[in-house]
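Trainee: Could we go through this model together? I would like to begin with one side-chain contact and then move outward.

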Protein chains: 2
Amino acid sequence: MSVNDVVYRKSRQRQKIYDLIKDMQNHPTAIWIYNSLKEEIPSLSLGTVYRNLNILLEQGLIHKVSFDGNCDRFDARIESHHHLICEKCGAVDDIFLPRVSDIYKDALKDKKFKITHHRMDFFGICEKCAKK
Amino acid sequence: MSVNDVVYRKSRQRQKIYDLIKDMQNHPTAIWIYNSLKEEIPSLSLGTVYRNLNILLEQGLIHKVSFDGNCDRFDARIESHHHLICEKCGAVDDIFLPRVSDIYKDALKDKKFKITHHRMDFFGICEKCAKK
DNA sequence: TTGATAACAGTAATGATTATTAAATATTTT
DNA sequence: AAAATATTTAATAATCATTACTGTTATCAA
């Protein structure tokens with residue numbers, strides 16, 4: 001462990017925040033997490049939510065995704081996956097597309113750019129919104 | 001033309017903003033555009049830049065892209081393309097990957113989601129930053 | 001040319017996020 | 001187990017990007 005690493009003690013708040021994100025499928029926002037836990041932990045502060053989200057990010061336990069114009073959303077799914085974003089209601093669903101790297105390896109072989117990861121989002125209308 | 005449609009008059013400011021975005025390859029931010037045009041139009045206001053960016057978006061003349069944690073960037077390239085984002089210096093480069101839709105058409109054929117467009121961003125280290 | 005209204009500059013307001021601080025809580029040491 | 005030490009918390013203030021408001025100016029059709 002390097003000198004710069006911080007040892008995080010456990011806290012009820014952080015545990016609850018993580019559990020909530022892990023249980024949700026719809027990539028909650030900070031304010032949504034705050035409102036959801038407010039009932040169980042009335043003293044909870046929005047700043048605490050943000051601080052703990054950053055700690056969880058740093059620990060690699062969650063991911064952050066932000067879509068144009070909206071606030072950040074958080075996700076406890078660590079495996080590589082992609083998103084379906086409804087442009088009507090803002091709902092975010094996950095999809096898994098295997099072998100995405102195949103398509104870019106070829107196209108990028110003459111570019112001098114070292115790719116560490118990628119992100120692929122699909123925008124459109126979800127089933128629910130299409131119905132009404 | 002529907003009653004709700006607005007007729008846009010031409011304005012020097014909006015034209016300059018659009019020209020600037022079109023000439024740049026590096027997806028400028030609102031504040032960068034503002035600073036760049038300030039010399040030519042000293043009276044320019046940052047609010048005017050934002051308002052006109054939104055009008056240009058509405059007209060479909062530019063696109064908006066925002067990468068995690070940073071401010072929005074704008075792009076006058078309307079054709080479908082993808083991004084290479086350097087995680088060190090924040091530079092954004094374009095790449096064109098043909099036939100991306102092939103990989104998801106198959107994976108999504110049982111999902112009831114109507115895709116209108118997609119976005120694919122690659123993160124990593126650019127040539128310049130790799131050198132130093 | 002003129003009347004209607006979009007666009008302007010300037011500024012205030014908003015919304016999301018981060019920083020600060022004193023008090024509460026968790027770990028380590030005695 | 002109690003004291004010492006370090007971290008987390010809640011509350012609040014600060015910051016940054018973006019949008020809304022206000023009074024003035026510019027555009028354009030009649």
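**A histidine pair and the chain interface**

Mentor: In this predicted model, the side chains of B:H82 and B:H118 make a polar contact at 3.2 Å.

Trainee: Where is B:H82 placed?

Mentor: B:H82 lies in strand β3 of chain B.

Trainee: Is B:H82 buried or exposed?

Mentor: B:H82 has a relative accessible area of 1%, so it counts as buried.

Trainee: Which residues does B:H82 touch, leaving aside those up to four places away in sequence?

Mentor: B:H82 touches B:D93, B:D94, B:I95, B:F96, B:L97, B:V100, B:H118, B:M120 and B:F122. For B:F96, the C-alpha atom is 5.9 Å from that of B:H82, with the two positions 14 residues apart in sequence.

Trainee: Turning to the interface, how many residues of each chain are in contact?

Mentor: On chain B, 36 residues are in contact with 36 residues of chain A. The two chains bury about 3200 Å² between them, and 63% of that is on carbon and sulfur atoms.

Trainee: Which residues of chain B lose the most area to chain A?

Mentor: They are B:F113, B:R119 and B:F123, which together account for 20% of what the chain B side buries.

Trainee: Which elements give two or more residues to that side?

Mentor: In chain B, these are β1 (63–65), β3 (82–86), β4 (92–95), α4 (100–107) and β5 (114–125). The largest share comes from β5(B), with twelve residues.

Trainee: And how do the residues on that side divide by type?

Mentor: The chain B side that touches chain A has 19 nonpolar, six polar and eleven charged residues.

Trainee: How many salt bridges does the rule find across the interface of chain B and chain A?

Mentor: The rule finds zero salt bridges there. Polar contacts between chain B and chain A number nine residue pairs, with both residues at pLDDT 80 or more.

Trainee: In what sense do β5 of chain A and β5(B) pair?

Mentor: Strand β5 of chain A, residues 114–125, pairs with β5(B) in the antiparallel sense over eleven bridges. One of the bridge partnerships joins A:I115 to B:G124 in β5(B).

Trainee: How many salt bridges does the structure hold over all chains?

Mentor: There are six over all chains. Among them is the pair of B:E40 and B:K16, whose closest N and O atoms are 2.9 Å apart.

Trainee: Which parts of the chain does that pair link?

Mentor: The pair links distant parts of the chain, 24 residues apart. B:E40 is in the loop between α2 (30–38) and α3 (46–58) of chain B, while B:K16 is in helix α1 (residues 12–23) of chain B.

Trainee: Why does B:E40 count as partly exposed?

Mentor: B:E40 counts as partly exposed because its relative accessibility is 40%. B:K16 is also partly exposed, with a relative accessible area of 28%.

Trainee: What about B:K64 and B:D72?

Mentor: Their side chains meet in a salt bridge, at 3.5 Å from N to O. B:K64 is partly exposed at 24% relative accessibility, and B:D72 is partly exposed at 25%.

Trainee: Finally, with which residue does B:D121 form a salt bridge?

Mentor: B:D121 forms a salt bridge with B:R119, and the closest N and O atoms are 2.8 Å apart. Both B:D121 and B:R119 are buried. B:R119 is also one of the three residues named earlier as losing the most area to chain A.

Methods: Residues are numbered from 1 along each chain as its sequence is written. Chains are lettered from A and ligands numbered from 1 in the order in which they are written. This is a predicted model: local features need pLDDT of at least 70, side-chain atom pairs count only at pLDDT 80 or more; totals for chains, interfaces and linings use all residues. Side-chain values use heavy atoms; hydrogens and water are left out. Contact means heavy atoms within 4.5 Å. Buried area is the accessible area (1.4 Å probe) that two parts lose on being put together, summed over both. A salt bridge is a side-chain nitrogen of Lys or Arg within 4 Å of a carboxyl oxygen of Asp or Glu. A polar contact is a pair of N or O atoms within 3.5 Å; within protein, one must be able to donate a hydrogen and the other to accept it, and residues adjacent in sequence count only if both atoms are side-chain atoms. Helices (H or I, at least four residues) and strands (E, at least two) are DSSP runs, numbered from the N terminus. Ala, Val, Leu, Ile, Met, Phe, Trp, Tyr, Cys and Pro count as nonpolar, Asp, Glu, Lys and Arg as charged, and the others, Gly among them, as polar. Two strands pair if DSSP finds at least two bridges between them. Buried means under 20% relative accessible area, exposed over 50%, partly exposed in between (1.4 Å probe, protein chains only).
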